Amino acid sequence: MNRLEALAWNLINQHWKLEVPINLDAIASGMGASVEKIPLGNISGKIDMDGQSPPKIYINSSEFELRQRFTLAHEIGHLALQHGTSFRDTHTNFFTGVTDPREVEANQFAAAVLMPEPAVRYFIDEQRITSTKRLADMFQVSDVALGFRLKNLKII
């Protein structure tokens, strides 16, 4: 398990009740962050950390629910990975072509939090769930996000 996977799994274990989908609000709250869903224009999400007050994560309420979930996991990643004091993420930060190492890490972290490897393997190996649509629905992620996760885990 690489560093990001281990960090995500440690965080999940602190706040996870062994059910899917992963409760991201509980994870954010457990980290001392508040989450607010508001219209943000062309920004998918942002996190404000000034060191004086608890971190605040803002998610664009105008985007579809699965995008909001990935964005929240991504912003939690910035917080967990201690990437700095403030991030403003547009939808382009979530594509595979992004080159900023902090954005790449936050995306990888988000996938690991939303679709923890042990849970993915349990549902595939033990429960024999082979439908990617069903898995995506269970984890409340997009088919595309699940596809990338399965490829990165070398399951497909």
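User: How many of the six residues of strand β2 (residues 43-48) are buried?

Analyst: This is a predicted model, in which local features need pLDDT of at least 70, side-chain atom pairs count only at pLDDT 80 or more, and totals for chains, interfaces and linings use all residues. Residues are numbered from 1 along each chain as its sequence is written, and side-chain values use heavy atoms, with hydrogens and water left out. Buried means under 20% relative accessible area, exposed over 50%, and partly exposed in between (1.4 Å probe, protein chains only). Strand β2, a strand being a DSSP run of E of at least two residues and a helix one of H or I of at least four, numbered from the N terminus, is mostly covered, and its buried residues number five.

User: Is helix α3 (residues 65-80) largely enclosed or open, and how many of its 16 residues are buried?

Analyst: Helix α3 is largely enclosed by the rest of the structure. This follows because the number of its buried residues is 14.

User: Which residue forms a salt bridge with E105?

Analyst: A salt bridge is a side-chain nitrogen of Lys or Arg within 4 Å of a carboxyl oxygen of Asp or Glu. For E105, the closest N and O atoms of the pair are 2.2 Å apart, and the partner is R3.

User: In which helix does R3 lie?

Analyst: The salt bridge of E105 with R3 links distant parts of the chain, 102 residues apart. E105 lies in helix α4 (residues 101-114), whereas R3 lies in helix α1 (residues 3-15).
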